[in-house]
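The exercises below can be worked through with the sequence and the 3D view side by side. Each task is followed by a solution that goes step by step.

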Amino acid sequence: MSSTSDPRAARAPYEPPTILRHEPQMMNKFSRAAAMRPETHIDGVAVDELIARHGSPLFVFSERTLVERYRELRDALALRWPRVRLAWSYKTNYLDGICRVFHREGAWAEVVSDFEYAKAVRLGVPREHIHFNGPWKPEAALEEALRGGSLVHLDHFDELVAAERIAERLELRPQVLLRLSLAIDGVPAWARFGFDLESGQARDAVDRIVAGGRLRLGGLHCHIGTFINDVEPYRQAAAKVARFARELREQLDISVEVLDLGGGFASHNTLKEQYLPGQFTPSLGRYAEAITEGLAELDLPLQERPTLALEAGRALVDDAGYLLTTVVANKRLPDGRRGVILDAGVNLLPTAWWYRHDVVPAQPQHGLPEPTVLFGPLCMNIDVLRDTMLLPPLRTGDRLLFHHVGAYNVTQWMQFITYRPAVVLVGRDGRHGLLRRREDLATVTAPEEIPGWL
Ligand SMILES: Cc1ncc(COP(=O)(O)O)c(C=O)c1O
């Protein structure tokens, strides 16, 4: 987090209290603007220094937060279950340096494509420590994963048949996991992934695996959604998966080695439909508690319980990520609101469509806060990073810091009309180093060709 050791902050001039007209859709009832403290540093490193070195806009990650969140989840699970495993969800953020931080802490990899699989192998993750998910695993990647002893999560019958065919060709009997699709109260069903439990499709898949004799059922998996800021759905999901595992044990004598409950835990971000920032983000301990309590349905003594695996992404990386931006212009909109143009747009921050990110100035600000729209620099009407928030006057060159942006942005960002910025890691000892260089004309045009006849 930031430090407010800036000596100017100590001498901030007196600001009289202000009364603002209530604006619908805004949180001025709680006077957030008045309480807005500048964040001049990230983990002790000055924002000004980071921008001077690497330019603006700039993504910054806190190694301290990454490690703290990882250890918090790992410890919360280990306290409650005899064998636990965290597999880092590559799609959430697959920058090498971010993956390295989690692998150094002991995380396995959870990948959903041939590209991510190759990236994990390139980073030195043993193939047998890779969970391979997703609705499409190209034949070559599926073969490599089955041959290498990775944990392949079967998603549908066509994939099951393909896995059997490959196993026969390789003369192997590889272990596979079955992804289950569950109906959970209060959570929109992600029914398109996995084998439906309630309709009996999942049981049909197990029967088919047993009858085929080519594959070995090593585990069950579910992933019920993302940013689920309630722990009860996890208790229910864990109980359903556990009851199914018990059914397989009692009826088919199959003892699965791993139960993977996926990810989906909330970060301290704020969905647009939430009123208060960071509201209702349960602690990682409460998720762990709900899951392990649900798993009691297994009805197994401690030493016989399967490994509990999780693939949390967002909850481990979102809070560690910042986007530093610079004000390039101010303007007055016809409805009276102030518009501020920043040097970073929605192409860099696609999560701005769904989340009301925390935004704070990176230098002390003075003057009356007023309703402000934060625009990006794209020549597109949809380029809005925050639709309306109370902000004090901002000058050209001032910096704004967006927080809780570590998940899904540096994997889903788009190169559009300009270069994607650098990404930096701030270490736990005040060091900082590049995770990804800023793009330039050469990197963007490198894959382009001009057909010979032009
Ligand atoms: C199969 C699977 N596992 C794990 C994750 C990580 O989810 P989250 O970032 O919400 O924790 C996802 C993301 O959608 C996923 O599809």
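**Exercise 1. Find the loop that holds P57, and determine which residue is joined to S56 by a cis peptide bond.**

Begin with the place of P57, which in this predicted model is in the loop between α3 (47-54) and β3 (58-62). Next, look at the peptide bond that joins S56 and P57, where omega is about 0 degrees and the bond is cis.

**Exercise 2. Locate D43 and Y408, describe their phi angles, and decide whether each is buried or exposed.**

First take D43, which is found in the loop between β1 (41-42) and β2. The phi of D43 is near 50 degrees, a positive value in a residue other than glycine. To settle the second part, count the C-beta neighbours inside 10 Å: D43 has 20 of them, and therefore counts as buried, since the cut-off for a buried residue is 20 or more.

Then turn to Y408, which lies in the loop between β18 (399-403) and α13. Although Y408 is not a glycine, its phi is positive, at about 70 degrees. The count for Y408 is 23 C-beta neighbours inside 10 Å, so Y408 counts as buried.

**Exercise 3. Place A46 and G148 in their elements, and work out how each is classed by its C-beta neighbours.**

Start with A46, which belongs to strand β2 (residues 45-46). Because A46 has 16 C-beta neighbours inside 10 Å, it counts as partly exposed. Leaving out residues up to four places away in sequence, A46 touches T40 and H41. For a wider view, follow the chain to L385, which is 339 residues apart from A46 along the chain, and whose C-alpha atom is separated from that of A46 by 24 Å.

Continue with G148, whose place is in helix α7 (residues 139-148). With 16 other C-beta atoms within 10 Å, G148 is partly exposed. When residues up to four places away in sequence are not counted, G148 touches R127 and E128, and its C-alpha atom is separated by 8.7 Å from that of P126, which is 22 residues apart from G148 along the chain.

**Exercise 4. Compare the span of helix α4 with the expected one, list its buried residues, and find which elements pack against the buried residues of α11.**

For the span, note that helix α4 (residues 63-78) has 16 residues and reaches 22 Å from its first C-alpha to its last, which is close to the 22 Å expected at 1.5 Å a residue. The buried residues in α4 are E63, T65, L66, R69, Y70, L73, R74, A76 and L77.

Now move to helix α11 (residues 284-294), where L284, Y287, A288, A290, I291, T292 and G294 are buried. These buried residues of α11 pack against α4, α10 and α12 (314-317).

**Exercise 5. Identify the two domains, and describe the side of domain 1 that touches domain 2.**

The chain is divided into domain 1 (21-61 + 319-445) and domain 2 (63-318), and their centres, taken over C-alpha atoms, are separated by 33 Å. The contact takes 23 residues from domain 1 and 23 residues from domain 2. On the domain 1 side, the elements that give two or more residues are α13 (409-412), β19 (423-426) and β20 (432-436), and the largest share, three residues, comes from β19. By class, this side has 11 nonpolar, six polar and six charged residues.

**Exercise 6. Explain why the largest nonpolar core lies between the domains, and list the contacts of L180.**

The largest nonpolar core has 120 residues, of which V60, V152, A163, L180 and V241 touch the most other members. Helix α10 (residues 232-252) gives the largest share of this core, eight residues. Domain 1 and domain 2 both give residues to the core, so it lies between them.

As the last step, take L180 and leave aside its neighbours within four places in sequence: L180 is in contact with G194, F195, L197, A202, L220, H221, C222, V241 and F244.

**Exercise 7. Describe the shell of residues around the ligand.**

The ligand is surrounded by 16 residues, and the closest are T226, G263, E311, G313 and R314. Sorted by class, the shell divides into four nonpolar, nine polar and three charged residues.

Methods:
Residues numbered from 1 in each chain as written. Predicted model: local features only at pLDDT ≥ 70, side-chain atom pairs only at ≥ 80, totals over all residues. Near = placed C-beta within 6 Å. Nonpolar A, V, L, I, M, F, W, Y, C, P; charged D, E, K, R; others polar. Helix = DSSP H or I, 4+ residues; strand = E, 2+ residues; numbered from the N terminus. Expected span 1.5 Å × (residues − 1). Buried ≥ 20, exposed ≤ 12 C-beta atoms within 10 Å, placed from the backbone. Contact = placed C-beta atoms within 7 Å. Core = buried A, V, L, I, M, F, W, Y, C linked by C-beta atoms within 7 Å. Domains from an automatic or database assignment.
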